[in-house]
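Please study the sequence and the three-dimensional model shown below. The exercises that come after it are each followed by a worked solution.

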Amino acid sequence: MALAASHSRSVIFAKRNIRYNVTVRQTCLLFSTNNTVSDGQRKPPSKKQLRKTQKKSPCTDHLSWQEKLSDVVTPLWRLSYHEQLELKQKHQERILSQLTGHLTGDFQSQSSAVRSKLSFPVLPVLPSPVRDGYRNKSTFSVNRGVDGNAKTVGFYVGTGRKGNIVCVNGDHLLNMPEKHKLVARCYQDFIRLSSLEPCLLFHTGGHWREVTVRTNAEGHTMAIVYFHPQTLTREDVAVHQADLVEYFTLGPGSVCQLDSLFFQESSMTRCSHEESPYQLLHGQPHIYEEVLGYKFRISADAFFQVNQAAAEGLYSTVRHLCFPSPEDGGGRTKVGGTLLDVCCGTGAIGITISPRVDRIIGIELMEQAVEDARHNAALNDVLNCEFVRGKAEVALPGVMSRLSSAGGGLVVAVVNPARAGLHHRVVRALRNQPAIRRLVYVSCKPDGEAMRNFRELCCAPDPQKKLTGEAFSPTLAVPVDMFPHTPHCEVVLLFQR
């Protein structure tokens with residue numbers, strides 16, 4: 001009760017029943033990736049440019065900090081879900097028309113007649129079954145708040161380049177579950193009680209950094225606190241770790257009912273478990289999530305789709321495109337062949353497809369993810385999965401050579417890389433392996449480096465780039481909305497030859 005009272009001073013934000021006159025044309029500007037240039041670096045704008053600027057950059061001074069943050073984190077929050085899906089559909093068609101343009105030499109394919117320019121069908125966006133509070137992982141930053149308090153936990157409004165960053169509480173954000181917001185509030189209370197300063201800039205000192213919260217469908221909760229040791233001794237750090245555990249287990253933070261509390265000391269912005277181990281201070285080392293009837297172990301730094309409900313639609317789509325079956329209801333009709341799962345993470349795609357194929361070979365860089373993948377296969381009694389640790393561009397040629405020497409059989413590849421896309425040597429290995437007739441590419445940012453991958457998979461043979469294999473052709477795209485209230489979605493692309 002005392003903790004609840006301490007939070008009662010929080011402002012109730014963003015009433016949903018307010019009507020906003022936001023047109024589709026205005027909201028499309030949210031998808032622009034063009035960088036703005038400061039006034040001192042360009043010529044005075046013409047009247048026409050001024051009119052465009054006024055349309056593209058409406059004054060936001062009248063907005064509350066909460067509205068400004070919503071516009072940063074969930075830019076589509078003012079629109080109905082139907083309008084959001086319409087925008088995403090048009091955006092994906094516009095992006096994929098670029099691929100058609102590159103393949104046909106028609107670089108006018110970004111015209112308004114996008115549909116007629118596409119050389120392959122783009123199915124309607126698969127909607128998310130859950131639209132609010134869907135995130136199972138959230139990372140909250142620490143910085144100066146609106147009131148100037150440097151120990152404020154939330155999300156950034158502003159940019160480091162302009163020097164106007166303000167950290168705003170995220171209690172009103174539509175995509176965040178209540179449990180995540182609660183942990184963030186308690187962490188803020190804890191660091192404000194701590195004698196240590198927050199680490200805003202590494203070179204200026206301070207210690208308390210961001211906190212990541214992970215939950216599953218059953219409500220189990222994992223918190224990961226990031227900490228810069230600076231010049232503290234091991235004994236000093238241990239004292240503050242003990243304070244953290246006491247706060248979240250016996251103190252006001254016990255209301256969070258954490259199942260796991262991790263601590264990572266890091267002098268870098270991001271580092272892996274291998275570089276700086278995650279220290280389990282309290283509770284269980286893992287939480288578990290279920291997708292399509294399979295159970296998956298989630299470690300502190302493991303990748304898992306942030307929208308569990310929508311992930312079921314994503315993995316069902318990938319399964320069907322990799323190994324289509326006339327009896328696709330239960331997904332367990334045997335087709336045969338080998339699935340090559342590149343950037344396999346914790347093995348979710350391969351494991352959910354495993355009943356349909358003879359063999360799964362997954363490749364993943366992160367050691368902890370490979371351990372999780374092997375554990376997940378054993379946990380679900382999946383015996384036809386093999387997981388290889390290493391850079392995909394290094395491991396893939398050897399795996400492909402092994403598959404070739406084994407002889408025959410259908411080989412389907414699925415790739416699910418990070419935003420940086422696939423290394424060009426991975427694309428080359430996939431392109432130059434004649435046994436692969438079907439490739440499914442899952443991308444969260446098809447207009448980024450993934451587009452380069454698409455072009456290299458589909459271009460004419462190019463000996464200079466060592467792309468000698470038969471070209472793939474895009475035959476189908478399925479957008480899947482994993483991120484309601486934001487412009488983003490996953491797109492699943494089927495390539496065949």
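Three exercises follow, on a sheet, on salt bridges and on a helix.

The model is predicted, so local features need pLDDT of at least 70 and side-chain atom pairs count only at pLDDT 80 or more, while totals for chains, interfaces and linings use all residues. Residues are numbered from 1 along each chain as its sequence is written, and side-chain values use heavy atoms, with hydrogens and water left out.

**Exercise 1.** Determine the strand order of the open sheet of 7 strands and identify its edge strands.

*Solution.* Step 1: helices (H or I, at least four residues) and strands (E, at least two) are DSSP runs, numbered from the N terminus. Two strands pair if DSSP finds at least two bridges between them.

Step 2: the order reads β3-β2-β1-β4-β5-β6-β7, and the pairing is mixed. At the edges stand β3 (166-168) and β7 (279-283), each of which pairs on one side only.

Step 3: consider one pair. Strand β2 (residues 152-157) joins β3 in the antiparallel sense over 3 bridges; V157 has V166 in β3 as its bridge partner.

**Exercise 2.** Locate the partners in the salt bridges of R185 and E386, and state whether they are buried or partly exposed.

*Solution.* Step 1: a salt bridge is a side-chain nitrogen of Lys or Arg within 4 Å of a carboxyl oxygen of Asp or Glu. Buried means under 20% relative accessible area, exposed over 50%, and partly exposed in between (1.4 Å probe, protein chains only). The whole structure contains 13 salt bridges.

Step 2: R185 bonds with D171, their closest N and O atoms being 3.0 Å apart. R185 is in helix α7 and D171 in the loop between β3 and α7, 14 residues apart. R185 counts as buried at 18% relative accessibility, and D171 counts as buried at 19%.

Step 3: E386 forms a salt bridge with R402, with closest N and O atoms 3.2 Å apart. E386 belongs to strand β12 (residues 385-389) and R402 to helix α12 (residues 392-406), so the pair ties together parts 16 residues apart in sequence. E386 is partly exposed at 28%, as is R402 at 34%. A network of salt bridges links R359, E386 and R402.

**Exercise 3.** Establish how many residues of helix α14 are buried, and which salt bridge lies within this helix.

*Solution.* Step 1: α14 (residues 449-458) is mostly covered, with 7 of its 10 residues buried. Among them are M451, F454 and L457.

Step 2: R452 and E449 form a salt bridge, the closest N and O atoms being 2.8 Å apart. Both lie in α14, 3 residues apart, about one turn of the helix.
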